[in-house]
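The following exercises are to be worked with the sequence and the coordinates at hand. Each task is followed by a solution in steps.

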Amino acid sequence: MPTGSSVLRKASSVADFSAKGSPEQYMAVALAEARLAAERGEVPIGAVLVDGAGQIIAQNGNRTIELCDPGAHAEMLVLRQAGRLRGNYRLPDTTLYVTLEPCVMCAGALVHARVSRLVYGAVDPKGGGVVSLFQVGQDTRLNHLLAVEGGLLAEESGTLLKDFFRQRRRGGKEG
Ligand SMILES: [Zn+2]
């Protein structure tokens, strides 16, 4: 299934902001990627990178199992894809939407990529690297700061994760 297409092209009837979608719309795209990840048996987390004009540059979901790659988190895949598309590992003037608070690795990559803004869904008290356990992106010792907003469509993201793990536990017992 091809990813990276601009799902928002059809949904841009929303109002005065020309082609720009709303934060909820971008997060809905990230949630759709998370659901696709669950269908592949991956932890359901999805991410979308949007440029300053509101265009989606890249979108993807977790693929750590598929790619045998501990670094293949949704955020990393999206940053790599966007970097290749732009021919530059730095991605200034972009916003990353992700369904769950990023881990330390992904938060670090967002800093390296100079992403301007991060919007996440559910908070991750056990592994979050942006607000929960660490505050990567808001630590002035690093040379780039991230604007961070959390809680967008958090319930949908959280439910998706809970259902996935509940189902997996049940499957494990039966199998
Ligand atoms: Zn991560």
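The chain has 5 helices and 5 strands, and the model is a predicted one.

**Exercise 1. Overall layout**

Task: Establish in what order the elements follow one another from the N terminus, and what percentage of the residues of the chain count as buried.

Solution. Step 1: Read from the N terminus, the elements run α-β-β-α-α-β-α-β-β-α. Step 2: The chain has 175 residues, and 39% of them count as buried. Step 3: Consider the contacts between residues at least 6 apart in sequence; 56% of these join residues at least 24 apart.

**Exercise 2. The sheet**

Task: Determine the strand order of the open sheet and identify its edge strands.

Solution. Step 1: The open sheet consists of 5 strands in the order 2-1-3-4-5, and the pairing is mixed. Step 2: Strand 2 and strand 5 (147-149) are the edge strands, since each pairs on one side only. Step 3: On average, neighbouring strands of this sheet are turned by 15° against each other, with direction ignored.

Step 4: Examine the pairs in turn. Strand 1 and strand 2 run antiparallel and are joined by 5 bridges; one bridge partner pair is V50 with I56 in strand 2. These two strands form a hairpin with 4 residues between them, and G54 in the turn has a positive phi of about 90°. Strand 3 and strand 4 run parallel, again with 5 bridges. In strand 4, Y120 is the bridge partner of V98, and R117 is that of T95. Strand 4 also pairs with strand 5 in the parallel sense, over 3 bridges; here L118 has V148 of strand 5 as its bridge partner.

Step 5: Compare the burial of two strands. Of the 6 residues of strand 4, 5 are buried, so this strand is largely enclosed by the rest of the structure. In strand 2, 6 of 6 residues are buried, and the strand is mostly covered.

**Exercise 3. The crossover between two parallel strands**

Task: State the handedness of the β-α-β unit that contains helix 4.

Solution. Strand 3, helix 4 and strand 4 make up the unit, and the unit is right-handed. The two strands that flank the helix are the parallel pair of Exercise 2.

**Exercise 4. Helix 1**

Task: Check whether the length of helix 1 agrees with its number of residues, then describe its placement against the sheet.

Solution. Step 1: Helix 1 has 17 residues; at 1.5 Å a residue these should span 24 Å. Step 2: The C-alpha atoms at its ends are 25 Å apart, which agrees. Step 3: The helix lies across strand 1, strand 2, strand 3 and strand 4, and runs at about 145° to strand 1. Step 4: Its buried residues include Y26, M27, V29, A30 and L31, together with Q25 and E33. Step 5: After the helix comes G41, which has a positive phi near 85°.

**Exercise 5. The nonpolar core**

Task: Find which residues of the largest nonpolar core touch the most other members.

Solution. Step 1: This core comprises 46 residues, and those touching the most other members are A30, V48, L49, V78 and Y97. Step 2: Several elements supply at least two core residues each, among them helix 1 (23-39), strand 1 (46-51), helix 3 (74-86) and helix 5 (154-174). Step 3: The largest share, 9 residues, comes from helix 1. Step 4: Take V78 as an example. Apart from its neighbours within four places in sequence, V78 is in contact with A47, V48, L49, A58, Q59, N60 and L96.

**Exercise 6. Two positive phi values outside glycine**

Task: Locate D93 and L153, and decide for D93 and for L153 whether the residue is buried or exposed.

Solution. Step 1: Most residues other than glycine have a negative phi. Step 2: D93 has a positive phi near 60°, and L153 has one of about 50°. Step 3: D93 lies in the loop between helix 3 and strand 3, whereas L153 is found in the loop between strand 5 and helix 5. Step 4: Within 10 Å of D93 there are 12 other C-beta atoms, so D93 is exposed; the cut-off for exposure is 12 or fewer. Step 5: L153 has 20 C-beta neighbours inside 10 Å and therefore counts as buried, the cut-off for burial being 20 or more.

Methods. Residues numbered from 1 in each chain as written. Predicted model: local features only at pLDDT ≥ 70, side-chain atom pairs only at ≥ 80, totals over all residues. Core = buried A, V, L, I, M, F, W, Y, C linked by C-beta atoms within 7 Å. Contact = placed C-beta atoms within 7 Å. Pairing = 2+ DSSP bridges. Axes fitted to C-alpha atoms, helices over the stretch in contact; angles between N-to-C directions. Expected span 1.5 Å × (residues − 1). Right-handed = clockwise from strand over helix to strand, strands pointing away.
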